[in-house]
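The exercises below are to be worked with the sequence and the coordinates side by side. Each task is followed by a solution that proceeds step by step.

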Amino acid sequence: MTTRARERHPYLADAGVPRVIAHRGFVPAELAARGIAENTRAAFTAALAAGAGYLETDCHLTRDGEVVLAHDADLARVAGDPRDIGAVDRAELDEIFADRGGLLTLQDALQEYPEARWNIDVKSRAVAAPLGRIVARHGSRVLVTSFSDDFRRAAFEAAAGERPAILPATSPGKRALIRVLATVSIRSRRGARRALAGLDALQIPERQGRIRVLTPRLIDAAHENGVEVHIWTINDAQRMRELAAMGVDGIVTDRTDVAVAALRPESETGASQRP
């Protein structure tokens, strides 16, 4: 079975690949100079303006139970505050990020960017269920992932409990990815089919330490089973083009501008930038 033969999840329904996936939004030098942080309203607005069709983000839970967009568990790196996000209320976070691009809750993000497609990483067990309930109504334009398959599963169970018309797309956590890689390495087509069942994309690095994760054999196995391959985090234009030539379906990048120029040259002539 090829990718074309399998009915795609609506999240991946657009035919154009490779997809440009903005990693935590986009913070060009001029925004960084103003103190704008990743995963903020300003960063995601900039990513869409630069031509990204997909927005990658991460979620944590505040002390008062709000699901907010943030990668780190604490505020040290982005705000110079050592506290964990789980120890701070949403209202105080609004103040902290007022001059850093604007805090977004997950609910805000889905409402304020109704045409955007969101790639959402579940960062903790605590955030999984509330996250799942929020994305349930937006399943056609959301992909849920996590390094933890347990966190990912908990989010999906919560989403399913809302009885949505369609569940979000998904990519595997660490354990599920290891199963995929193991079956591909021994050339087991039946094993690969089972390991890839229920997945929509493999979102992976090229390498993990000394281990090469991305291989032509993995791409072939994924495509044979209707699963896309997205690589993170690539910021070099030449490498983006090389990966596209290999058959990679998506590039997760900090440099939306570079990716659009490298992978969407038609955008320079005014054509659509949507992947």
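**Exercise 1.** Which residues form one aromatic cluster? Work from the ring pairs, bearing in mind that this is a predicted model.

*Solution.* A pair of aromatic rings is described by the distance of the centres and the angle of the planes.

Step 1. The count of aromatic pairs comes to four. In one of them, the ring centres of F44 and W118 are 4.9 Å apart with the planes at 65°, and since an angle over 60 degrees counts as edge-to-face, this pair is so classed.

Step 2. This pair links distant parts of the chain, for F44 belongs to helix α2 (residues 41-50) and W118 to strand β6 (residues 117-122), with their positions 74 residues apart in sequence.

Step 3. The rings of Y113 and W118 are also edge-to-face, because their planes stand at 70°, while their centres lie 6.0 Å apart.

Step 4. W118 takes part in the pair with F44 and in the pair with Y113, and the cluster is accordingly made up of F44, Y113 and W118.

**Exercise 2.** Determine whether Y113 and W118 are buried or exposed.

*Solution.* The cut-off needed here is that a residue under 20% relative accessible area counts as buried. Y113, with a relative accessible area of 9%, is therefore buried, and W118, at 0%, is buried as well. F44 is likewise buried.

**Exercise 3.** Describe the surroundings of T170, beginning with its place in the secondary structure.

*Solution.* Step 1. T170 is found in strand β8, which spans residues 169-170, and its relative accessible area of 3% puts it among buried residues.

Step 2. When neighbours within four places in sequence are left aside, the contacts of T170 include L143, V144, R152 and F156, and also G198, L199, D200 and A201.

Step 3. Two of these partners can be examined through the side chain of T170: it reaches the backbone oxygen of V144 at 2.9 Å, and it makes a polar contact with the side chain of R152 at 3.1 Å.

Step 4. By way of a distance check, T170 and A154 are separated by 16 residues in sequence and by 13 Å in space, taken from C-alpha to C-alpha.

**Exercise 4.** How many cavities of 30 Å³ or more does the whole structure hold, and what lines the largest cavity?

*Solution.* Step 1. The search finds two such cavities, and the largest holds about 100 Å³ of space.

Step 2. Its lining consists of 14 residues, with E38, L69, A70, V78 and F97 lying nearest the centre.

Step 3. Sorted by character, the lining of the largest cavity has six nonpolar, four polar and four charged residues.

Note on methods
Residues are numbered from 1 along each chain as its sequence is written. This is a predicted model: local features need pLDDT of at least 70, side-chain atom pairs count only at pLDDT 80 or more; totals for chains, interfaces and linings use all residues. Side-chain values use heavy atoms; hydrogens and water are left out. Helices (H or I, at least four residues) and strands (E, at least two) are DSSP runs, numbered from the N terminus. Buried means under 20% relative accessible area, exposed over 50%, partly exposed in between (1.4 Å probe, protein chains only). Contact means heavy atoms within 4.5 Å. A polar contact is a pair of N or O atoms within 3.5 Å; within protein, one must be able to donate a hydrogen and the other to accept it, and residues adjacent in sequence count only if both atoms are side-chain atoms. Rings of Phe, Tyr and Trp (its six-membered ring) pair if their centres lie within 6.5 Å; planes under 30 degrees apart count as stacked, over 60 as edge-to-face and the rest as tilted. On a 1 Å grid over the protein atoms alone, a cavity is a set of points where a 1.4 Å probe fits but cannot get out, and a pocket is an open set with protein on both sides within 12 Å along at least five of seven lines; lining residues have an atom within 4 Å of a point. Grid points are joined across faces, edges and corners, and a volume is the space filled by probe spheres set on the points. Ala, Val, Leu, Ile, Met, Phe, Trp, Tyr, Cys and Pro count as nonpolar, Asp, Glu, Lys and Arg as charged, and the others, Gly among them, as polar.
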